[in-house]
Amino acid sequence: MDAAVDPSATLLETLARRGRETPAQPAFTWRGRTVSWGELDERIAATTATLRHRGVSAGDRVLVAPAAGDDFLACFWGALRAGAVAVPLPPRSGGARLLDVAAWLGAAGVIVDRQPAPRWDALATGCDTAGRWLLDAAEATAPGPGGALPPLPAADDLAFLQLTSGSTGAPKAVRIRHRDLAANVAQMTEGLAIDAGDVFLSWLPLHHDMGLILMSVVPLVLGAELHLLPPGMAAIRGWMVEAARRRATFTAAPDFAYRLCLRLAREHTSGDQARGQGGLDLTALRVALDAAEPVRASTVHAFERAFALPSVVTPAYGLAEATVGVSAGTPGAPLTVDERGFVAVGTGFPGVRLAIGSADAPLPAGEVGEILVASPALADGYWGEPPPRPGRWLATGDLGYLDAAGRLYVVGRAKEVILHGGTTLAPREIEETVDRLPFVRRSAALGIDRQRLEGEQAYIFAEVGRGSRGDLPAQAAAVVQAFQERLGFRPGRVYLVAPGTLPMTANGKLQYAELRRRYLAGELARDGALLFPDR
C-alpha cells in the first residue's frame, strides 16, 4: 500500500508535503484548468490564515458551499487545516437553508459564492444578526493575512460533518474524525487496487461523501491524476466522451447515471455505431464503480454492451456512518446475481466485518435481515448525540443477506419494504421491472396502507419522458401487466407522472419518505404531477 495512506494519521500533512516537494505538478483539473500542487497548497494555506484571522479555533463548525471545484477543495482543506470542522453543503442551497443549518450546528461562519446577490444579501443579514461571519469563496482563498499555521489536528479530532437524510427520516450530521477519513481511504485504496497510476474522472458533487472522499480525497492523497467536471445532468451527457479523452481508468456514479448514459446513447446513435457509442475508446477504463443506490444487473450488462467494455462496472455499498465505503466487488470480475435479480456488492473492504440480523447470533447464509457493519472507519455517531461505544456494530437500517462466499446482497431499506399479504416485497425488484418499459424514465414503488381489508398495497409511480408520452391508459396497463407477470398479482395502483416528479437526493437516491408524504398530502395531484390518473 502507498505509504501516503496511513490510517493512523491525518491526511493534511500528505497534501502539504506534495505542495512543498512537487509544486509544479498537477494536483487536479477543474473545467479543464490545471491546478498545481503549489497553487492548491497556497490556497489551502490562505484559507487557513483567513479563517484564523476571523477567530476560528479548533472544533468550530464552518459551512463550506462554493460551486467551483477548485474553490471547494481549497476551502474544505483550509477549514480542516485551521482545526475547524467543515460542513460540506450543496452550492445551490438557499439562504434560508444555510442559515438553518448554521443555527442547528452552531456554526462560526459560512463560506459561499457571492452570487446570486439576493442569497448573499439574505445570508449577510442573517449571519450578522446571529453573530456569524460570512465569506465569499474567492475572498477566503485569496492571499491575505499571514502568520504561522496552527498545529495539525489530532487523529481523533473531528474533520467534518456529513449531512445525510438517506431515504427515510430527518436529516442528521455524521461526525467524521480525521482517523475515520484516513482509515476509509486506506480501505478503499487496497480493496479497489487503486494506485498513483490511476486516472480519476468525476462529475459527482463534492459536498457528498462519494464525490468528496472516494473521488477527490483518495486520488489527492495518492497523487493520482484527477479530473473534476461540474456536477449535474450536463456533465453526464459528456461523461464517457471525457473518459475517452482523458484515458480515465477510474470513475464512479449511482446506477441512474449509467442508465442515463444508455438513454443518451440511444438518442444520439443508431445501429453499429450505438454499440460502440460513436467509436469512443474506453479501453483504459479499469473501474466504473456503481454505488449510492441499488445496482441493477440490467444496467450493468447494457452499459458494458453499449460501450463494448469487459467487466469494468464494479458494484459497491457504503454509507456515511461508515465514512463512505463498506464493500465492493473485485475489479474486473463479472457480476454475481441471485435468482431475484439482486446484485452482489462484494465482500467487505479490508478491516470491515459484515453480519446479518445480529452480531452475536448472525443469520445463516441466504437469510435476509438487517445489515450490520463493524469497521475501523465507523464514524463517531451523529452531531448532538452521545458518542457510540468503541468496537460497536453499526445497524445500517438496510436489509440484505450474505451468500456462502461472504458476498453481500442489499435487498432494500427496512422502512421501504412493502408488506403485501404476508409477503415482503423489495421496491427495487418492482422498479427494475417497470424501468425496462421503453416509455419509463424511472419509477418508484411504495407500500401504501389505506386501512382497508386488503392491507398494504404496492403503489407504482412511473415517470414518463416527454418524448415517450403516448396512450397513457395503455401505458399504465403495460405497467400493470409487467408487474403482474413478474410477481403474480396486480399492484394496488399505478400512476404515470411527469418527469422530475420523483424526489431524489444529490447523489441519485430516491427519497421514498418524501414521495409518500407528497402523495398522501395530495401535493402530486395539486401540482399537476399526476398524468394518469390525475388524482
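**Sheets, strand pairs and a covered helix**

In strand 19, L399 has G412 as its bridge partner. The model in which this pairing is found is a predicted one, and the points below treat two open sheets, a further strand pair and a helix with buried residues.

**The antiparallel sheet, strands 16 to 19**

- The pair L399 and G412 sits in a wider arrangement, since strand 18 (residues 394–402) and strand 19 run antiparallel and are joined by 5 bridges.
- Strands 16-17-18-19, in that order, make up an open sheet of 4 strands with antiparallel pairing.
- Strand 16 (353–356) and strand 19 (408–413) each have a single partner strand and stand at the edges, so one side of each is left without a neighbour in the sheet.
- From one strand to the next, the twist in this sheet averages 50 degrees.

**The mixed sheet, strands 22 to 25**

- Another open sheet is built from 4 strands in the order 22-23-24-25, and here the pairing is mixed.
- The edges are taken by strand 22 (440–448) and strand 25 (530–532), each of which has a single partner strand, so that one side of each is left without a neighbour in the sheet.
- The twist in this sheet averages 35 degrees from one strand to the next.
- Within the sheet, strand 23 (residues 457–464) pairs with strand 24 (residues 493–497) in the parallel sense, over 5 bridges, and Y459 stands opposite R493 of strand 24.
- Helix 14 (residues 427–435) packs on this sheet, where it touches strand 22 and strand 23, and its direction makes about 150 degrees with that of strand 22.
- Helix 16 (residues 512–520) also packs on the sheet, touching strand 22, strand 23 and strand 24, with a direction that makes about 75 degrees with that of strand 22.

**The pair formed by strands 7 and 8**

- Strand 7 (residues 158–164) is mostly covered, with 5 of its 7 residues buried.
- Strand 7 and strand 8 (residues 172–177) run antiparallel and are joined by 6 bridges, and L158 stands opposite R177 in strand 8.
- In a regular strand, side chains alternate between the two faces of the sheet.

**Helix 1 and its cover**

- In helix 1 (residues 12–21), the buried residues are L12, T14, L15, A16, R18 and G19.
- The elements that cover these buried residues of helix 1 include helix 2 (37–53), helix 3 (69–81), helix 7 (178–191) and helix 8 (209–222).
- An α-helix has 3.6 residues a turn, so residues three or four places apart point the same way.

Technical notes
Residues numbered from 1 in each chain as written. Predicted model: local features only at pLDDT ≥ 70, side-chain atom pairs only at ≥ 80, totals over all residues. Heavy atoms only, no water. Pairing = 2+ DSSP bridges. Helix = DSSP H or I, 4+ residues; strand = E, 2+ residues; numbered from the N terminus. Axes fitted to C-alpha atoms, helices over the stretch in contact; angles between N-to-C directions. Contact = heavy atoms within 4.5 Å. Buried < 20%, exposed > 50% of the residue type's maximum accessible area, 1.4 Å probe, protein only.
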